Amino acid sequence: MVSYLSIALPLPVQKVFTYRYEYDRNPVSLLGCRALVPFGKRILTGVIVGLGEPVQGMKDIIEILDETPFFTEQMLQLTRKMADYYLCSWGEALKAGIPRGMTPQSVMHVELIHRPSPEELRSMQKRAPKRAALLGLLMDHSGPLTEVYLEKMLKTGSVSDQLDALENAGVILTKRNIAPSAKPRMQSMIYVSDVLLNNHLALKELLNHLDKASPKQAAILSHVYLHQQTHGSGLLINEVKATLNLQSTSPIQTLCSKEILIQKKEEYSPDSSEVRNSLARRDESLLTMTMEQQHAHAMIHSALHGKETKTFLLHGITGSGKTLVYIQAILSALSLDRDCLLLVPEISLTPQLVDRFSATFGDLIAVLHSKMTNQERYEHWRKIRRGKARIVIGARSALFAPFRDQRLGLIIVDEEHESSYKQEAPAPRYNARDFAVVRGAIEQVVTILGSATPSMESMYNAQQGKYHYLHIPSRADGATLPKIECIDIREHRKRGTMQGSFSEELLQSIIHRVIKKEGTILFHNRRGFARFQECLDCGYIPMCKHCSVSLTLHKHSGMVRCHYCGYSEKSLHSCSVCGGSDIKEAGTGTQKVEEELQELLASRGIHAQIARMDLDSTSKKGEHRRLLTAFAKKEIDILIGTQMVAKGLDFPHVSLVGIVDADHQLFMPDFRSSERTFQLLTQVAGRAGRTGALQGEVLLQTSHPEHQSIIAALMGSYELLYNDELQIRKDADYPPFSRIVTIETTGPDEYAVHEAIQTIVTLLPTKGVPYQMLGPTIPFIAKLKSHYRRILVLKGNKQDDPSGEIMRRNLRMAMHAYAEHHAKNSVKITIDVDAYHSI
């Protein structure tokens, strides 16, 4: 039977494509399956989303990749809503739900078959410089190169036209291959043979015989038998060898050759309990809840048992025991045979959180985040899909975890205020917190948003009755909130008592903790050594060649580096412009804080182990866990870090938190800067004194002690910040009272980028519409990765257009008209709904 299927492809086009397929079953059963299809010269992986009608020129599906649907009906609904809301294609939204490595794609390899003469190359450089540059790359390499590599090296966008021209001229040969997707890892397990399992008398006689003839074989057989009877599963050969301290595997192989033990190939299933050096101190489910925790859990438990579709905002101060409420809520869901999803904002939070949950739930946990290899991510995905994992913990992309149909019962979003839940690139530019609530509504389950410092939007939603508000205002374990002291570094600078980045009060407090063997966390939200270098003779500052930003000094590597595109060059020892040697290092990063502290402590005869936790020091896989484990074991006295150390960490021996510069984010060109400053300061302050055994202390260095965010943080008053900020937002018509959408044009030609944004302005309706147009403007960073930028901001009125549908409809029409009549390959258009950063 011939079927016509609608397939969503991962392309930035607002349509689905119809393909033909011969199939002997009901085509409806294919909805949600992945399919390999031809598209122009490429082969793409798409998702079957509906039944279509025959169209002229349609092609055949190459292969259906799934026996059962990859996406459930609920996940198809979720991705459809995501595409509609964030103005991307359905295919792009579906691609976000497919783990990296599970999408077979065609890869073009380009091979040079005719080497042009120097005269031919010079002629081509004049008439077709991009083609000549591409040819130069091929000539510099001995073997074939991929199309992706060529585009990456040339940094000029698509090279398909150049490749076509060179292939037609007989200069190159192109070939497309299908890159394989991830497959299950198999492992060899050993079992006692069925003959012996079903004949206890024969097994007993064999063990008696082996006790005398070969004690090692008897021990192996007994061990495997007991494990199989207790757990119903086999054992890995290396596990048996390690447990019984065998010198070799030969006695195991002997038992297998006699068919006393049987080897079976089984799919590898990741085990969260495989991790050594657990960061968990105890099984927290055994702890007694406070009255406030009990009340919060009772409300959640009631909603779960009543099968309600409900969203809770759990507002618990730092150290109040929100994690224990999560654990008890998960236990309630599991008792109803429902699965659970726990989203966390940072990969750095995952090791300790996974260990804490593993102490209660063991191997029921699967983990998903971007630091995993493709194979690891695939294995955990399979574990969830097969129902072997009942609890999924992960960062933003775990929103798409493939729970079995109708089995999800609870979604938890920890630290819901975090901006890292918002996807920056590529499309869909979704907010995982917001769409966790949408998934909860589609799946008809309970959703919990938890935070010590809820976002303005979530608290406003709770006040408007959209969310059920739960409050835990006291710390658990008999602990009290830390004492927070403000250090006005303006006064210290006047008196000349600042020593680098440290006031005398902060330095003495650190020394006191080192002597007492108590832990210290120092927070400074800028990595690198110095913000930039500057020649004091001529004013030259090294700038990025590809972005309009200064290069950050990384002293340990002797390089200055761009934190946007990764470009780096050697740091200045003498000025490359005037030759001057008076080079200033402006600003302070975590590397400089670490170096200054080491020198200051050494000068006072204090020996301390200092470690740094930022993007540079944790780029190696497993480094997060190694640092946190060493700190938990008190092998590290002082942990210096960026916002990686500001949230989620729970170490009972930490009694001091030092905030080196509280003002870093305070005056950013962002309407959320006050809110984010308060959240960061409150979160990092909450790392101190988390048990009743130690009184926590926080020393906050600032040049602006009068700022509302600093005052609110010092008072520990969320309400003060929220009420002040809400009025400011209302007066200025910013979220939560409006909806922000940014339209950004980028490209290597500045005039074309400017022309594109001006064209979009003319295509957007402006009269009688429920939005205000701001710009277009040149953004704070005018060029990124060799591409110029222009930005247009739309501020939607939520009273006149509550869902934002009118604004999105006008945007769709404007972008359709632009694509039809004005689009250029050299200019890229990006639309960001509910934008967080590009304002």
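## Strand β29 and its partners

In this predicted model, Val-698 of β29 is the bridge partner of Ile-484. The strands concerned, β19 (residues 483–488) and β29, pair in the parallel sense over six bridges. Strand β28 (residues 654–659) also runs parallel to β29, to which four bridges join it; Leu-656 has Glu-697 in β29 as its bridge partner. From β28 the chain crosses through helix α22 (residues 673–685) to β29, forming a right-handed β-α-β crossover.

Strand β29 (residues 697–702) is largely enclosed by the rest of the structure, because six of its six residues are buried. Glu-697, Leu-699 and Gln-701 point one way from the strand, whereas Val-698, Leu-700 and Thr-702 point the other way; all are buried.

## The three-stranded antiparallel sheet

An open sheet of three strands follows the order β10-β9-β11, with antiparallel pairing. Strands β10 (235–236) and β11 stand at the edges with a single partner strand each, so one side of each has no neighbour in the sheet.

Seven bridges support the antiparallel pairing of β9 (residues 186–192) with β11, and Glu-267 in β11 is the bridge partner of Met-186. Helix α9 (residues 215–231) packs on this sheet, touching β9, β10 and β11, and its direction makes about 100° with that of β9.

## The surroundings of Ser-285

Ser-285 lies in the loop between β11 (261–267) and α12 (291–305). Its relative accessible area is 18%, under the 20% cut-off, and the residue therefore counts as buried.

The side chains of Ser-285 and Asp-283 are joined by a polar contact of 2.7 Å. Beyond its neighbours within four places in sequence, Ser-285 is in contact with Leu-324, Ile-327, Gln-328, Leu-331 and Thr-360.

Technical notes
Residues numbered from 1 in each chain as written. Predicted model: local features only at pLDDT ≥ 70, side-chain atom pairs only at ≥ 80, totals over all residues. Heavy atoms only, no water. Helix = DSSP H or I, 4+ residues; strand = E, 2+ residues; numbered from the N terminus. Buried < 20%, exposed > 50% of the residue type's maximum accessible area, 1.4 Å probe, protein only. Polar contact = N/O pair within 3.5 Å; in protein donor to acceptor, adjacent residues only side chain to side chain. Contact = heavy atoms within 4.5 Å. Pairing = 2+ DSSP bridges. Axes fitted to C-alpha atoms, helices over the stretch in contact; angles between N-to-C directions. Right-handed = clockwise from strand over helix to strand, strands pointing away.
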